[in-house]
Amino acid sequence: MARQLIDGFGRVHRDLRISVTDRCNFRCQYCMPEEGMQWTPRSEILTFEEIERIARIMVERYGVDGIRLTGGEPLVRARLPLLVEKLADLGVDLAMTTNGVSLPLVAEELKKAGLRRVNISLDSLQRDRFLELTRRDDLDRVLEGVDAALAAGFDPVKVNVVVMKGINDDEVLDFAEWGREKGVIVRFIEFMPLDADHIWNNSLVFTQAEILETLQSAYDLESVARTSAPATRWRYADGEGEIGVVATVSESFCDTCDRVRITADGQFRSCLFATDETDVRALLRNGSSDDVVAEALEFTVAAKWAGHQINQVHFIRPRRSMSEIGG
Ligand code: SAM
Ligand code: SF4
């Protein structure tokens, strides 16, 4: 039997998230600072060849079967479809999380290159609020991006909505209705303590229970069996689609987590909230063999903790913010 990326709690890791850049053309309040973000120098960012090598090791040695490209904003990385083509050749379920603003230009090319699924981040359907949250006046372009993803044949198209109490929680039902009309799956995400400006506090988290209560005031929902994916899912009883919540803060799902991450600068992380990383880039660049790289990946996963400690006194925020880790 193939080896597995397995930790001390028996969790097998098959889902790899690759950040291809820490740069972004947005400055979402819950993620990046408005100004002063220091981009990683180009020479420290993994090349496509290096990314492909790590991915190949994980797929061929450890049966990783899902890869998601993220960032920063993955579509600001030049010639991304070339990387998509290479990774698609590995035969994995290849997905991307994007702010959607460039999708009108590249959705079709990405689909042809072998990308299978796309998640688009969109936190308000109101122009002024979208501008305030992302610090870009691009709601229309992102909505065009959603249409472009659907037209290119991505199925399903998911829309990620970070819900913050008192900021956009009044749009939960608007998003539900919009998602049903558009034929996209809306995924509400609880606000996590990974924002660069450190505005997060527990009172800003609009919890899964609150989201569900809001949805149930308007719709009959039926629970959908949970997979290793992070979302708790429901389908509308009238058959018109599905909706989900990623409840990282209020209902952590660490015990079924199967994700590992590689940052744009080649640091391997066994948890979104990990406070330490393994420098895989150094191994890739010092002539280490695949066996040595693989061993480092195995050790990192073997030492993974039970789960994050958000809401507990000993929680330590990771040094990096969400845009530097990749979500
Ligand atoms: N730029 C791309 C995008 O926005 O989709 C990909 C990178 S972004 C860091 C990945 C996901 O993390 C997005 O869905 C975004 O909404 C989410 N995110 C960023 N900061 C967050 C936070 N503090 N809490 C919860 N989700 C967050
Ligand atoms: Fe950029 Fe995505 Fe972070 Fe927004 S959430 S600032 S689009 S990386």
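In this predicted model, ligand 2 is surrounded by Cys24, Phe26, Cys28, Tyr30, Cys31, Met32, Gly72, Asn99 and Ser323. By class, this shell comprises 6 nonpolar and 3 polar residues, with no charged residue among them.

Two members of that shell, Tyr30 and Gly72, reappear in the surroundings of ligand 1. Ligand 1 has 19 residues around it, of which Tyr30, Gly72, Ser121, Asn160 and Met192 are the closest. Several polar contacts can be described for ligand 1. One of its nitrogen atoms lies 2.9 Å from a polar backbone atom of Gly72. An oxygen atom of ligand 1 is found 3.3 Å from a polar backbone atom of Thr98. With Ser121 the side chain is involved: an N or O atom there is 2.5 Å from an oxygen atom of ligand 1.

Gly72 also leads to Thr21, a residue placed in the loop between strand S1 (15-19) and H1. Beyond its neighbours within four places in sequence, Thr21 is in contact with Thr70, Gly71, Gly72, Glu73, Pro74, Val76 and Ala264. The relative accessible area of Thr21 is 6%, and because buried means under 20%, Thr21 is classed as buried.

The helix that follows this loop, H1, spans residues 48-62 and packs against helix H9, residues 290-302. The two axes are 11 Å apart and form an angle of about 75 degrees; H1 is therefore roughly perpendicular to H9. On the H1 side, the contact is made by Arg53, Ile57, Met58, Arg61 and Tyr62. These residues meet Asp290, Asp291, Val293, Ala294, Glu295, Leu297 and Glu298 of H9. Sorted by class, the contact of H1 with H9 contains 6 nonpolar and 6 charged residues, and no polar ones.

A second threonine in a loop may be set beside Thr21. Thr256 belongs to the loop between strand S9 (242-246) and strand S10 (259-262). Is Thr256 buried, partly exposed or exposed? Its relative accessibility is 37%, so Thr256 counts as partly exposed, whereas Thr21, at 6%, is buried. Thr256 can also be located relative to Pro230, which is 26 residues away along the chain. The C-alpha atoms of Thr256 and Pro230 are separated by 8.4 Å.

Key. Residues are numbered from 1 along each chain as its sequence is written. Chains are lettered from A and ligands numbered from 1 in the order in which they are written. This is a predicted model: local features need pLDDT of at least 70, side-chain atom pairs count only at pLDDT 80 or more; totals for chains, interfaces and linings use all residues. Side-chain values use heavy atoms; hydrogens and water are left out. A residue is near a molecule or strand if one of its heavy atoms lies within 4 Å of it. Ala, Val, Leu, Ile, Met, Phe, Trp, Tyr, Cys and Pro count as nonpolar, Asp, Glu, Lys and Arg as charged, and the others, Gly among them, as polar. Helices (H or I, at least four residues) and strands (E, at least two) are DSSP runs, numbered from the N terminus. Buried means under 20% relative accessible area, exposed over 50%, partly exposed in between (1.4 Å probe, protein chains only). Axes are lines fitted to C-alpha atoms, for helices over the stretch in contact, and angles run from 0 to 180 degrees between N-to-C directions. Angles under 35 degrees count as roughly parallel, over 145 as roughly antiparallel, 65 to 115 as roughly perpendicular and the rest as oblique. Contact means heavy atoms within 4.5 Å. A polar contact is a pair of N or O atoms within 3.5 Å; within protein, one must be able to donate a hydrogen and the other to accept it, and residues adjacent in sequence count only if both atoms are side-chain atoms.
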